[in-house]
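The following exercises are to be worked through with the sequence and the structure at hand. Each task is followed by a solution in steps.

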Protein chains: 2
Amino acid sequence: MKTIVLKFGGTSVGSIERISAVAKIIREAKKEAFPIVVVSAMSGETDRLINLANEIHENPPKREFDALISTGEKVSAALLAMSLNKIDVPSKSYSAAQISMRTTSQFSKAKIINIDFTRIEEAIQNNFVPVITGFQGITDDGDVTTLGRGGSDTTAVALAAAMKSLRCDIYTDVDGIYTTDPNVVPEAKKLDRITMEEMLELSGQGAKVMQVRAVEFANKYKVPVRVLSSFTSGAGTLISLEEPDMDTMEKAVVSGIAFQKDQSKFTFQGVKDSPGIASSILGPIAAEGIEVDVIIQNISNDGKTDFTFTVSSTDRKTVEAICNDQLQDLDYDNLLIDNNVGKVSIVGVGMRTHAGIASRAFQALARASINISMISTSEIKITLVINVDDVNNAVQVLHSEFELEK
Amino acid sequence: MKTIVLKFGGTSVGSIERISAVAKIIREAKKEAFPIVVVSAMSGETDRLINLANEIHENPPKREFDALISTGEKVSAALLAMSLNKIDVPSKSYSAAQISMRTTSQFSKAKIINIDFTRIEEAIQNNFVPVITGFQGITDDGDVTTLGRGGSDTTAVALAAAMKSLRCDIYTDVDGIYTTDPNVVPEAKKLDRITMEEMLELSGQGAKVMQVRAVEFANKYKVPVRVLSSFTSGAGTLISLEEPDMDTMEKAVVSGIAFQKDQSKFTFQGVKDSPGIASSILGPIAAEGIEVDVIIQNISNDGKTDFTFTVSSTDRKTVEAICNDQLQDLDYDNLLIDNNVGKVSIVGVGMRTHAGIASRAFQALARASINISMISTSEIKITLVINVDDVNNAVQVLHSEFELEK
């Protein structure tokens with residue numbers, strides 16, 4: 001039987017009224033294919049639980065923390081299953097443990113390894129719509145893990161991949177992917193289609209509509225994803241597997257501007273430039289599951305080099321601790337930490353065949369007197385690290401420069 | 001290693017402050033034996049979840065209902081484990097699923113079948129105090145079940161039996177078992193010791209301190225139980241396995257007066273008196289997991305008899321439905337239902353060897369003009385069914401008659 005995975009975020013199931021509305025969306029979707037539903041916790045619930053934990057312990061044991069906050073999705077899954085039964089759509093809720101959603105044992109940052117979909121298939125064969133708790137899994141020992149904020153997206157895409165579903169629909173409180181955040185640029189435009197690669201870059205750079213790991217998953221397993229609103233009707237944005245045709249490419253060289261404000265920049269000045277220096281610095285950081293983004297190593301000078309990278313500010317303290325503990329034997333002159341930085345990225349598959357995008361961007365920013373401190377480029381993205389206070393202005397300047405409002 | 005099971009009810013873990021206080025009680029108890037902890041949901045939480053369910057569905061599917069309300073204990077277990085770690089008592093929380101607490105598949109009224117204590121023993125060997133979710137279990141299919149209100153007591157006693165623990169301490173918001181409810185009789189006295197049989201009768205008759213099934217379990221598996229307060233210090237009431245010695249018996253022929261107000265009385269008048277009539281009436285009711293209490297069948301007259309029993313008022317509608325559906329072929333003249341009844345019980349092991357307790361009780365009630373509509377006696381209990389409006393008065397009269405305040 002053809003299936004479709006529908007994922008509903010926290011605001012989509014934030015109240016009894018919202019849950020009832022979502023049940024009706026699922027009943028409607030059942031006309032297209034058999035729905036497999038993934039839910040987040042009711043909005044506010046995860047924060048409520050985190051606050052309880054923090055009142056008890058400033059650094060709660062991670063195993064207990066995950067056991068605690070994973071209860072939120074169990075509540076919303078059971079309530080949504082009830083709501084579906086109420087409108088005569090037979091349904092059963094399943095926790096991650098019940099469908100053996102195996103993950104690594106990195107609490108709060110676990111990664112999905114394997115899904116046993118026997119029970120889901122059993123439910124479908126008996127005409128029960130399965131409602132599955134997003135955001136969580138279990139280790140081989142049966143301990144509950146969570147996948148990190150936004151992990152429900154990953155659950156949904158992983159299920160769609162495992163079940164070979166037609167599509168994965170991510171219902172959220174926005175009606176699609178925009179050229180940039182409309183709060184910063186009111187002229188920002190909704191995109192009807194976007195390539196997986198562009199979405200990957202936009203999402204990774206903090207477009208916040210969908211979790212980056214989920215997009216990677218979708219990309220890897222070729223799962224078509226649609227992002228749409230559970231509050232308003234509309235087709236949302238389809239994240240397509242195919243490249244756009246030439247016409248589209250001609251029209252949109254740049255598809256969007258992404259940005260992220262809470263960044264910290266670490267610079268090891270005067271590191272001894274020997275083979276493996278990058279991995280000896282970044283290895284212990286990656287081992288903690290921390291994502292390192294822009295990484296720059298300058299040309300060597302007298303056998304010494306400067307090594308710079310950025311991480312999310314939420315990881316700053318952990319990275320500092322790693323620098324002080326595990327990297328204390330590293331041979332360097334100075335460690336600079338700048339918490340006052342942000343990132344702006346110009347994203348577009350069209351950039352592959354169009355030269356001059358970078359210089360056009362640099363000129364536009366120069367005219368606006370915005371100083372660039374780091375530059376990193378890939379085939380479909382140019383990322384600029386700048387002062388956090390310049391981020392909004394830079395996004396507006398670039399959005400206008402590439403005429404994304406048209 | 002010697003273990004002790006400590007169970008904390010909803011008010012005992014009702015706030016962050018209460019959870020911290022409970023952690024200190026556990027740290028103290030660890031000096032006597034290795035604690036195995038069982039927790040209820042934070043007070044108010046289960047009701048909050050039930051209200052959410054009822055907002056969605058007036059009769060929510062029971063499987064989903066249990067999945068929903070079982071989240072409350074997961075929250076309090078994780079928070080208490082955090083709180084223990086905070087005061088340097090290593091601890092891990094476990095859900096019923098994680099320790100394979102197998103139950104029957106009667107949702108909301110499941111019964112414990114089997115406990116796999118591998119993980120608990122593993123925790124203890126590694127010096128982690130296990131904090132286990134009370135009130136719940138899983139079916140062979142891995143569906144979450146709940147044991148009914150007060151089921152956490154049963155979880156605790158079952159664990160104490162399985163682990164051959166020294167004792168099971170039930171922490172609650174009362175400081176022990178009283179001769180009767182102090183709200184009805186202000187002179188009611190706390191008992192230092194009570195036999196299991198007496199407790200069974202007191203609890204079954206609605207003493208409300210401990211769930212009847214838990215006391216039965218304790219009785220069956222010879223688990224010594226202590227009931228005490230987590231709010232005030234004090235040794236509580238020990239529910240002993242041994243009979244009291246002669247001295248104690250001489251002093252206290254009657255140990256307490258139990259009562260229950262929300263009762264319904266069903267009378268089948270003129271039932272054809274044939275073998276198996278009782279089981280054909282009570283069988284379908286028991287099959288629904290409903291407890292039938294006082295049962296009376298009068299002497300047969302012309303091959304016909306009157307058959308009367310009482311159930312808790314919460315089960316009244318279900319029993320009515322059974323009478324109308326499954327018992328429609330039963331041969332009887334009339335079905336009377338009286339929802340205006342209550343029960344009062346005089347309990348005491350001393351009654352076994354003391355004649356005249358019953359007649360003394362009847363005389364005292366007659367002097368107070370209280371009419372008795374049904375009488376049921378056992379070796380250690382006399383139960384009287386009376387008008388619900390007379391219950392408080394009857395309790396006071398009997399408490400005074402047997403000088404329980406002394």
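## Exercise 1: Two helices at the contact between the chains

Helix H4 (residues 71-86) of chain A packs against helix H4 (residues 71-86) of chain B at an angle of about 175 degrees, and their axes are 10 Å apart. The model is a predicted one.

**Task.** Determine how H4(A) and H4(B) are oriented to each other, and state which residues meet.

**Solution.**

Step 1. The angle between the two helices is about 175 degrees. Angles over 145 degrees count as roughly antiparallel. H4(A) and H4(B) are therefore roughly antiparallel to each other.

Step 2. From H4(A), the residues A:Thr71, A:Lys74 and A:Val75 take part; they meet B:Thr71, B:Lys74 and B:Val75 of H4(B).

Step 3. Sorted by class, the contact of H4(A) with H4(B) holds two nonpolar, two polar and two charged residues.

## Exercise 2: The whole contact between the chains

**Task.** Which element gives the largest share of the side of chain A that touches chain B?

**Solution.**

Step 1. In total, 29 residues of chain A are in contact with 29 residues of chain B.

Step 2. On the side of chain A that touches chain B, the elements giving two or more residues are helix H1 (16-29), helix H2 (45-56), helix H3 (62-69), H4 and strand E3 (91-94) of chain A.

Step 3. The largest share, ten residues, comes from H4(A).

Step 4. By class, the residues on this side of chain A are 16 nonpolar, seven polar and six charged.

## Exercise 3: The relation between the copies

**Task.** What rotation superposes chain A on chain B?

**Solution.**

Step 1. Chain A is superposed on chain B by a rotation of 179 degrees with 0.1 Å of shift along its axis, and the RMSD is 0.2 Å.

Step 2. The two copies are thus related as by a two-fold rotation axis.

Step 3. Within chain A, the C-alpha nearest the axis belongs to A:Thr71 and is 3.0 Å from it. A:Thr71 is also among the residues of H4(A) that meet H4(B).

Step 4. Both copies use the same surface, for 100% of the contact residues of chain A recur in chain B.

## Exercise 4: The sheet of eight strands in chain B

**Task.** Which strands stand at the edges of the sheet that contains E9 and E13 of chain B?

**Solution.**

Step 1. Eight strands of chain B form an open sheet with mixed pairing, in the order E3-E6-E2-E1-E9-E13-E14-E12.

Step 2. At the edges stand strand E3 (91-94) and strand E12 (193-195) of chain B; each has a single partner strand, so one side of each is left without a neighbour in the sheet.

Step 3. The mixed pairing can be followed strand by strand. Strand E9 (residues 168-172) and strand E13 (residues 225-229) of chain B run parallel and are joined by five bridges; here B:Thr172 stands opposite B:Ser229. E13(B) and strand E14 (residues 237-240) of chain B pair in the antiparallel sense over three bridges, with B:Arg226 opposite B:Leu238. E12(B) and E14(B) pair in the parallel sense over three bridges, and B:Arg193 stands opposite B:Leu238.

Step 4. Two helices are then added. Helix H1 (residues 16-29) of chain B lies across strands E1 (3-8), E2 (34-39) and E6 (129-133) of chain B and runs at about 165 degrees to E1(B). Helix H5 (residues 118-125) of chain B lies across E1, E2, E3 and E6 of chain B, at about 150 degrees to E6(B).

## Exercise 5: The sheet of six strands in chain B

**Task.** Describe the order and the pairing of the open sheet of six strands in chain B, and locate the helices that lie on the sheet.

**Solution.**

Step 1. The order is E16-E17-E15-E18-E20-E19 (chain B), and the pairing is antiparallel.

Step 2. Strand E16 (292-297) and strand E19 (372-378) of chain B are at the edges, each with a single partner strand, so one side of each is left without a neighbour in the sheet.

Step 3. Neighbouring strands of this sheet are turned by 30 degrees against each other on average, direction ignored.

Step 4. One of the pairs is strand E18 (residues 334-347) with strand E20 (residues 381-387) of chain B, antiparallel over seven bridges. The bridge partner of B:Ser345 is B:Thr383 in E20(B).

Step 5. Helix H10 (residues 277-287) of chain B packs on the sheet and touches strand E15 (256-272), E16 and strand E17 (304-312) of chain B; the direction of H10 makes about 165 degrees with that of E16(B). Helix H12 (residues 357-367) of chain B lies across E18, E19 and E20 of chain B and runs at about 20 degrees to E20(B).

Terms used
Residues numbered from 1 in each chain as written. Chains lettered and ligands numbered in written order. Predicted model: local features only at pLDDT ≥ 70, side-chain atom pairs only at ≥ 80, totals over all residues. Axes fitted to C-alpha atoms, helices over the stretch in contact; angles between N-to-C directions. Helix = DSSP H or I, 4+ residues; strand = E, 2+ residues; numbered from the N terminus. Parallel < 35°, antiparallel > 145°, perpendicular 65-115°, else oblique. Contact = placed C-beta atoms within 7 Å. Nonpolar A, V, L, I, M, F, W, Y, C, P; charged D, E, K, R; others polar. Pairing = 2+ DSSP bridges. Least-squares fit on C-alpha atoms with pLDDT ≥ 70 in both.
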